[in-house]
Amino acid sequence: AQVNMEWSWLYNPSTSRLGNNAIALGMKYDFTYSLFGFGFTHHWKNFELGLHYTFADQNRFLPIFGLTTTASF
């Protein structure tokens, strides 16, 4: 079981060609393993890149690489 909280900011007007760009900051707590973490992610229209940090017995970075695609019918 986890609790997540995230704040996202669309930093360009929706009419702009870069209107889908966003920065997200967040934190989480995992009740199962008693772990606290935080991170940030930059969202482009079709790509996400972020860095998350989790406090554990051995400190570790969990990079996130994501690619999303959309289709309209």
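Select Val-3 to begin: this residue lies in strand E1 of a predicted model. Its relative accessibility is 46%, so Val-3 counts as partly exposed, falling between the 20% limit for buried residues and the 50% limit for exposed ones.

Next, extend the selection from Val-3 to Met-5, Met-27, Tyr-29, Phe-31, Phe-36, Phe-38 and Phe-55 and display the surface. Together with Val-3, these residues form a nonpolar patch on the surface, with a joint accessible area of about 760 Å². Colour strand E1 (2-10), strand E2 (22-30) and strand E3 (35-43) to see which elements give two or more residues to the patch.

Now turn to the aromatic rings, of which two pairs are present in the structure. For one pair, select Trp-9 and Tyr-11: the ring centres lie 5.6 Å apart and the planes meet at 45 degrees, a tilted arrangement. How exposed are the partners? Trp-9 has a relative accessible area of 43% and is thus partly exposed. Tyr-11, at 29% relative accessibility, is also classed as partly exposed.

For the other pair, return to the patch and select Tyr-29 and Phe-31, two of its members. Here the centre-to-centre distance is 5.0 Å, and the angle of 80 degrees between the planes makes the pair edge-to-face, because planes over 60 degrees apart are assigned to that class. Finally, keep Tyr-29 selected: with a relative accessibility of 30%, Tyr-29 counts as partly exposed.

Note on methods:
Residues are numbered from 1 along each chain as its sequence is written. This is a predicted model: local features need pLDDT of at least 70, side-chain atom pairs count only at pLDDT 80 or more; totals for chains, interfaces and linings use all residues. Side-chain values use heavy atoms; hydrogens and water are left out. Patches are made of residues with over 30% relative accessible area and no salt bridge: like charges are joined within 9 Å, nonpolar side chains (Val, Leu, Ile, Met, Phe, Trp, Tyr) within 5 Å. Accessible areas come from the Shrake-Rupley method with a 1.4 Å probe; for residues, only the protein chains shown count as cover. A salt bridge is a side-chain nitrogen of Lys or Arg within 4 Å of a carboxyl oxygen of Asp or Glu. Helices (H or I, at least four residues) and strands (E, at least two) are DSSP runs, numbered from the N terminus. Buried means under 20% relative accessible area, exposed over 50%, partly exposed in between (1.4 Å probe, protein chains only). Rings of Phe, Tyr and Trp (its six-membered ring) pair if their centres lie within 6.5 Å; planes under 30 degrees apart count as stacked, over 60 as edge-to-face and the rest as tilted.
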